[in-house]
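User: I am new to protein structures and would like a close look at one part of this one. Please start with a single spot in a loop and then follow the trail from there into the rest of the chain.

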Amino acid sequence: MTEEERCSPLHDAQIAAGAEMVWEDGWPWAMRVGADPLAEYEAIRTATGLWDLYSTSKYEVTGPDAGRLIQRRFTNDVSAMGSGRARYGAFVNADGLMVDDGNVYKHSDRKFWVMINTADLEDWFRETAEDLDATIEHVTERLPMISVQGPGSREVLQSLTEARLGELGYFGFWTEPVDVAGVAATVLRTGFSGELGFELVTDPGSALRLWEGLITAGGVPFGLEAIEIARIEAGLIIIAVDYQPAQTSPYDVSLDRFIKPATECIGVEALAAVGGSPPRRLTTLSIGGRRAPEAGSLVTKDGREVGTLTSPTMSPRLGAIGLAVLRTEAATEGERLEVAGAAATVGPLGLYDPQKRRPRS
């Protein structure tokens, strides 16, 4: 399939609004939708932002052993999930190294959605599931998704549906579609912004009507440049930047609370060998100066290398900051370090709202 064929149902609408598009592994993403990515960022932080997540890799897992198929690759506990609940975690190989990260959504004991970063991983999942009665299918193009993020997201979305959004808890979702802006959409109480938010899954023929309804109600489209600032402020990781597939332990990026040892996960023994004393941790650095150092810059203490800056940004609220993977002994909050000749201080993972109260509001 060519890039031209693999276009979001929202592609033409975003181009008409001035969007700059890029393709990653053949899948489209808007870098920005309007002329000003900082205005798009402000919509996320102060109002309601809209993000086209068509290219998020989506899998549908069905059958009597659907949960077990996922569990053999997933570090969080699938068996404890109720229907209408989502869980985040890492997807690992037998060495306990991350191949991806993302969310699992349980519709029922026989049906799950897996939403991650990498397309065409069906065979990788099947490698550990030959004895199971379950099927995994890559369904990305069948399930367009729109993210509605920001402190105004509930109000905007509520104006378009009679469903009671206040009853939908954080990391919950309705297993049956509801009417939103005149189309059927599955409503997920998840997001990737550090703010209150929802994600809406619909069909390709309805996505544009939903998008236009959300804009009319006050939503502001945004792209990767805006979400990059927001996700670094919130301490959220991305693949091939903060971790490298098949090279990085989930403990290196401080995913401890999403690793459950009493599961069927194929990497559980390798993870247990590291979990007692992880050698590296993910932190946020506050960095002196008027510009953020480049990604990949070494982090040092008294001239000795102690880690790497993975995701730098200039935050309108926090100045120069960045996510960094550090040796554990250097990852203590308040530790004074250096990066690219600038002074840096270790802070909590997610300098913006460290207690994560805003997305749970």
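Analyst:
**From a loop to the core**

D302 sits in the loop that runs between β15 (298-301) and β16. Keep in mind as we go that this is a predicted model. The backbone at D302 has a positive phi of about 55°, although D302 is not a glycine. Is D302 buried or exposed? Its relative accessibility is 68%, and the cut-off for exposed is over 50%, so D302 counts as exposed.

There is another residue to set beside D302. A181 is not a glycine either, and its phi is positive at about 55°. You will find A181 in the loop between β10 (178-180) and β11 (183-188). Here the surroundings tell another story: A181 has a relative accessibility of 18%, and buried means under 20%, so A181 counts as buried.

Now let us follow the strand after D302. β16 (304-315) is among the elements that cover the buried residues of α7, together with β1 (20-24), β2 (27-32), α2, β3 (49-52) and β17. α7 is mostly covered, with eight of its 10 residues buried. Those buried residues are L224, A226, I227, I229, A230, R231, I232 and E233, so the list to look for in your viewer includes the charged side chains of R231 and E233. Just after α7 comes G235, with a positive phi near 75°.

α7 also leads us to the largest nonpolar core. This core has 38 residues, and the members touching the most other members are L188, I237, V253 and L255. Two or more residues each are given to it by α2 (37-46), β5 (85-92), β6 (98-108), β7 (111-116), α7 (224-233) and β17 (319-327). Which element gives the largest share? That is α7, with six residues.

L188 is a good core residue to zoom in on. Leaving out residues up to four places away in sequence, L188 touches Y105, W113, M115, M145, G172, F173, G197, F198, E199 and V201.

For one more stop, try R73, in the loop between α3 (66-71) and β5. R73 is buried, with a relative accessible area of 3%. Setting aside neighbours within four places in sequence, its contacts are A90, F91, V92, N93, A94, W124, F125, E127, T128, C265 and I266. The C-alpha atoms of R73 and K260 are 12 Å apart, although these positions lie 187 residues apart along the chain.

Finally, step back to the whole chain. It has eight helices and 19 strands. Its radius of gyration is 20 Å, close to the 21 Å from the globule rule for 361 residues, so the chain is as compact as a globular protein of that length. Its C-alpha atoms fill a box of roughly 60 × 50 × 40 Å along the principal axes. Of the 361 residues, 55% count as buried. Among contacts with a separation of 6 or more, 66% join residues 24 or more positions apart. On the outside, the chain exposes about 15,200 Å², with 48% of it supplied by carbon and sulfur atoms. There are 34 positive and 52 negative side chains, and the centres of these two sets lie 7 Å apart.

Key. Residues are numbered from 1 along each chain as its sequence is written. This is a predicted model: local features need pLDDT of at least 70, side-chain atom pairs count only at pLDDT 80 or more; totals for chains, interfaces and linings use all residues. Side-chain values use heavy atoms; hydrogens and water are left out. A nonpolar core is a set of buried Ala, Val, Leu, Ile, Met, Phe, Trp, Tyr and Cys residues joined through side-chain atoms within 4.5 Å. Buried means under 20% relative accessible area, exposed over 50%, partly exposed in between (1.4 Å probe, protein chains only). Helices (H or I, at least four residues) and strands (E, at least two) are DSSP runs, numbered from the N terminus. Contact means heavy atoms within 4.5 Å. The radius of gyration is taken over C-alpha atoms; the globule rule is 2.2 Å times the number of residues to the power 0.38. Accessible areas come from the Shrake-Rupley method with a 1.4 Å probe; for residues, only the protein chains shown count as cover. The place of a charge is taken as NZ of Lys, CZ of Arg, CG of Asp or CD of Glu.
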